[in-house]
Amino acid sequence: QVQLVESGGGLVQAGGSLRLSCAASGSIFGMKTMGWYRQVPGKQRELVTTITSGGTTNYADAVKGRFTISRDNAKNTVYLQMNSLKPEDTAVYYCNVYVLGLNYWGQGTQVTVSS
């Protein structure tokens, strides 16, 4: 089984920056994609960004140019650098690992951006 541990969430002023980390451990085999999703109460969880084992990235239009995803394959860790944060970025952010056809999720970390 896979365990995901997230860190780095918190409160930040609009225009500020925040960096999230997610470390994956457990029975991880083969190629995998890691990423970040976010969810606001009453709304569906949405894609923020993903990165493949080869380094290919994908970003939601709402965060392009502001967020950057990166990974350390040796440590099975993914990072999310968030710059120029906006109040609409406020959400619970979830780490995700896709491996061997299965999705695994972290517990979520709250990011709040004040105006």
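**Exercises: Ser 17 and the disulfide**

Leaving aside neighbours within four places in sequence, Ser 17 is in contact (heavy atoms within 4.5 Å) with Val 12, Gln 81, Met 82, Asn 83, Ser 84 and Leu 85. This is a predicted model, where local features need pLDDT of at least 70, side-chain atom pairs count only at pLDDT 80 or more, and totals for chains, interfaces and linings use all residues. Residues are numbered from 1 along each chain as its sequence is written, and side-chain values use heavy atoms, with hydrogens and water left out.

**Exercise 1.** Place Ser 17 and find the side chain that its own side chain pairs with.

*Solution.* Start with the strands (DSSP runs of E, at least two residues, numbered from the N terminus): Ser 17 sits in the loop between β2 (10-13) and β3 (18-26). Next, check accessibility: Ser 17 comes out at 41%, so it's partly exposed (buried is under 20% relative accessible area, exposed over 50%, partly exposed in between; 1.4 Å probe, protein chains only). Finally, look for the partner: the side chains of Ser 17 and Asn 83 make a polar contact at 2.8 Å (a pair of N or O atoms within 3.5 Å, one able to donate a hydrogen and the other to accept it; residues adjacent in sequence count only if both atoms are side-chain atoms).

**Exercise 2.** Track down the disulfide and work out its handedness.

*Solution.* Searching the whole structure turns up one disulfide (cysteine sulfur atoms within 2.5 Å). Cys 22 and Cys 95 form it, with sulfurs 1.9 Å apart. The pair links distant parts of the chain, 73 residues apart: Cys 22 in β3 and Cys 95 in β9 (residues 91-99). Now the torsion: it's about -85 degrees around the S-S bond, so the disulfide is left-handed. As for burial, Cys 22 is buried at 0% relative accessible area, and Cys 95 is buried at 0% too.

Terms used:
Helix = DSSP H or I, 4+ residues; strand = E, 2+ residues; numbered from the N terminus.
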